[in-house]
Amino acid sequence: MQIKTYPEFQSLEKEHKPLFDELFLKMPPVISEFTFTNLYSWRNIYKISVSNLDGFLLLLSEKNSKRSFFMPLGDGSVKNIIEKVLAVQNVIFVRLPETVAELFKNNNQFALELDRDNCDYLFKVEDLVLLKGKKYDGKRNLIKKFKSLYNYEYQKLDKTNIKQCLDFEERWCSVKDCDGVEGLNNERQAIREMADNCSDFGLIAGAIKVDGKICALTIAERLNKNTLVLHVLKADPNMIGLYQVMTNEFLTRQAAGFEYVNFEQDLGILGLRKAKLSYGPIEIINKYILRLR
């Protein structure tokens with residue numbers, strides 16, 4: 001599908017997926033934003049549009065009328081493309097990985113800022129499957145507690161049954177008041193998109209059922225050759241140990257062939273940051289904001 005030439009932009013469409021897939025194969029991403037699933041599922045929320053500049057794909061977000069670009073995707077000098085855009089537009093580039101940020105360090109023309117709230121958490125799959133050692137005592141105890149209280153069933157989800165997760169999402173949202181919390185309501189929309197496109201996007205999903213009802217859900221996909229990225233991980237907050245069981249069961253049953261798992265960012269939510277740090281990440285994957293001084 002032909003992409004409009006910069007400075008013209010067009011909305012991100014499902015038909016653009018082969019273009020992105022080809023680029024991600026050539027340049028395997030390390031940050032969680034760079035799967036077509038993420039970009040497409042959040043496209044309406046972040047008002048994402050796309051353009052072609054010298055063979056690179058430019059991704060523009062205009063959420064809340066704030067214009068920001070993601071890292072240009074293409075074969076060649078990313079630095080040159082970013083400089084071309086900044087030469088004519090007073091905008092910012094966001095979610096830049098360390099490799100791109102390095103190109104602009106020690107250059108007084110540009111200001112770089114670590115975006116800690118959007119940094120990803122990377123873990124070894126084996127660590128979270130085996131939960132060996134003292135540091136995982138708490139996780140093992142919570143799993144044991146859940147298993148002592150509930151008889152549960154683990155179910156793999158695919159295009160034939162993934163729509164079941166939407167009923168769970170609505171029940172979860174009624175508890176968490178998604179209608180009154182913009183971020184949670186946005187996530188609800190993104191999950192619907194993922195459910196609608198499960199097969200086309202190659203998603204890996206699983207659920208835990210208690211008494212025949214889904215009470216926990218995970219949706220993930222391949223980020224690169226050896227890394228899985230978790231787009232959705234949620235559970236009934238009233239069931240002690242369920243988050244830990246969902247994480248462990250999913251990775252045990254459906255992460256075969258992956259060495260690492262990316263838990264995405266914490267968005268600056270202190271409880272979420274504490275939970276992700278409690279699993280002992282092997283790396284915090286830094287992302288940066290870039291602007292002209």
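In this predicted model, the second largest pocket has a lining of 28 residues, and those nearest its centre are Pro28, Pro29, Val30, Pro97 and Thr99. Three elements each give two or more residues to that lining: helix α1 (17-26), helix α5 (98-101) and strand β13 (283-285). The volume of the second largest pocket comes to about 480 Å³. Sorted by class, its lining holds 18 nonpolar residues, together with 7 polar and 3 charged ones. A handy picture for such spaces is a probe the size of a water molecule, rolled over the atoms to show where empty space is left.

Attention now turns to the way helices pack. Two packed helices can be described with a pair of values, the angle between their axes and the distance between the axes. For helix α8 (residues 164-176) and helix α9 (residues 182-196), the angle is about 175° and the axes lie 11 Å apart. Because angles over 145 degrees count as roughly antiparallel, α8 is described as roughly antiparallel to α9. On the α8 side, the contact is made by Cys165, Leu166, Glu169, Glu170, Trp172, Cys173 and Lys176. Helix α9 answers with Leu184, Glu187, Arg188, Ile191, Arg192 and Ala195. The contact of α8 with α9 is a mix of 7 nonpolar and 6 charged residues, with no polar ones.

One member of this contact, Cys173 of α8, also takes part in a disulfide, where it is joined to Cys178 with an S to S distance of 2.2 Å. A disulfide, for readers new to the term, is a covalent bond between the sulfur atoms of two cysteines. The structure holds 1 disulfide. The torsion about the S-S bond of Cys173 and Cys178 is about -75°, and therefore this disulfide is left-handed. The loop between α8 and α9 contains Asp177, a residue other than glycine whose phi is positive, near 60°.

A second helix pair, α7 (residues 137-149) and α10 (residues 242-254), has axes that come within 8 Å and cross at roughly 100°. That crossing makes α7 roughly perpendicular to α10. Helix α7 brings Lys139, Leu142, Ile143 and Phe146 to the contact, while α10 brings Leu242, Gln244, Val245 and Asn248. By class, the contact of α7 with α10 has 5 nonpolar, 2 polar and 1 charged residues.

Some details of the backbone complete the description. The peptide bond that runs from Tyr6 to Pro7 is cis, and its omega is near 15°. Pro7 itself sits in the segment before strand β1 (10-11). Further along, Asp54 occupies the loop between strands β2 (48-53) and β3 (56-61). The phi of Asp54 is near 55°, which is a positive value in a residue other than glycine.

Technical notes
Residues numbered from 1 in each chain as written. Predicted model: local features only at pLDDT ≥ 70, side-chain atom pairs only at ≥ 80, totals over all residues. Heavy atoms only, no water. 1 Å grid on protein atoms, 1.4 Å probe; cavity = no way out; pocket = protein on both sides within 12 Å on 5 of 7 lines; lining within 4 Å. Points joined across faces, edges and corners; volume = space filled by probe spheres on them. Helix = DSSP H or I, 4+ residues; strand = E, 2+ residues; numbered from the N terminus. Nonpolar A, V, L, I, M, F, W, Y, C, P; charged D, E, K, R; others polar. Axes fitted to C-alpha atoms, helices over the stretch in contact; angles between N-to-C directions. Parallel < 35°, antiparallel > 145°, perpendicular 65-115°, else oblique. Contact = heavy atoms within 4.5 Å. Disulfide = S-S within 2.5 Å.
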